[in-house]
Amino acid sequence: ALWKLQGCVNMIRIAVSTIFTYLYCKIPYIYVQLITFMVKLYLFVIAVIAGSNLRMAHSWVERVLPFLLVIVSNCAYEGILQIHVRLWNPLGMDVNAFPVTKYLEYVWKTTHQQLRDDDSVLPNFCRLKD
């Protein structure tokens, strides 16, 4: 039973270390600012190019396509930029942030399960059989 307990503790330790590795490996802040600046500059250039093409348009298709280009590129690049910002700060206070409080509560219950008999936080393969 002791070898099984040691194996379970090792598996939990490896899982927790993997989680903490991902949590503490953040993208540098200057990189986020550089990417944000480059995306905004690109979107500005696309808007200028679309505006100059709109001035030379002769048909309704040539007038609609620049607007479509600006709308689609703006939505796509701003969406990718928002994903980039979320990856930079996964522990933020946003709705889609990593639930730190729930995770810490789970770790607390898991580590203090040995003190109580009625708690069932650990997976079945890690429970000691009587």
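Buried residues account for 16% of the 130 residues in this chain. Keep in mind that the model is predicted. The chain exposes about 10,600 Å² of surface. Carbon and sulfur atoms supply 70% of that exposed area.

Now look at the fold. The chain holds 4 helices and 0 strands. Follow the sequence from start to end and the pattern reads α-α-α-α. How do the contacts spread along the sequence? Take the contacts between residues at least 6 apart in sequence: 54% of them join residues at least 24 apart.

Next, find helix α2, which covers residues 29-55. Several of the features below involve this helix. Start with leucine 41, which sits in helix α2. Is leucine 41 buried, partly exposed or exposed? Its relative accessibility is 44%, so leucine 41 counts as partly exposed. The cut-offs explain the label: buried means under 20%, exposed means over 50%, and partly exposed lies in between.

Leucine 41 also belongs to a nonpolar patch on the surface. The patch has an area of about 770 Å². Its members are Leu34, Phe37, Met38, Leu41, Phe44, Val45, Val48 and Ile49. A residue needs over 30% relative accessible area to join a patch. Leucine 41, at 44%, is above that cut-off.

Stay in helix α2 and move along to asparagine 53. Asparagine 53 has a relative accessible area of 38%, so this residue is partly exposed. Now compare sequence and space. Asparagine 53 and leucine 65 are 12 residues apart in sequence. From C-alpha to C-alpha, the two are 9.2 Å apart in space.

Charged side chains come next. Side chains of opposite charge can pair when their charged atoms come close. How many salt bridges does a search of the whole structure find? The search finds 1 salt bridge. The side chains of glutamate 78 and lysine 40 form this link, with 2.8 Å from N to O. Where do the partners lie? Glutamate 78 is in helix α3, which covers residues 60-88, and lysine 40 is in helix α2, so the pair ties together parts that are 38 residues apart in sequence.

Check how open each partner is. Glutamate 78 has a relative accessibility of 22%, so glutamate 78 counts as partly exposed. Lysine 40 has a relative accessibility of 41%, and lysine 40 is therefore partly exposed too.

How values were computed. Residues numbered from 1 in each chain as written. Predicted model: local features only at pLDDT ≥ 70, side-chain atom pairs only at ≥ 80, totals over all residues. Heavy atoms only, no water. Patch = residues over 30% accessible without salt bridge, like charges linked within 9 Å, V, L, I, M, F, W, Y side chains within 5 Å. Areas by Shrake-Rupley, 256 points an atom, 1.4 Å probe, with all protein chains shown as cover. Salt bridge = Lys/Arg side-chain N within 4 Å of Asp/Glu carboxyl O. Helix = DSSP H or I, 4+ residues; strand = E, 2+ residues; numbered from the N terminus. Buried < 20%, exposed > 50% of the residue type's maximum accessible area, 1.4 Å probe, protein only. Contact = heavy atoms within 4.5 Å.
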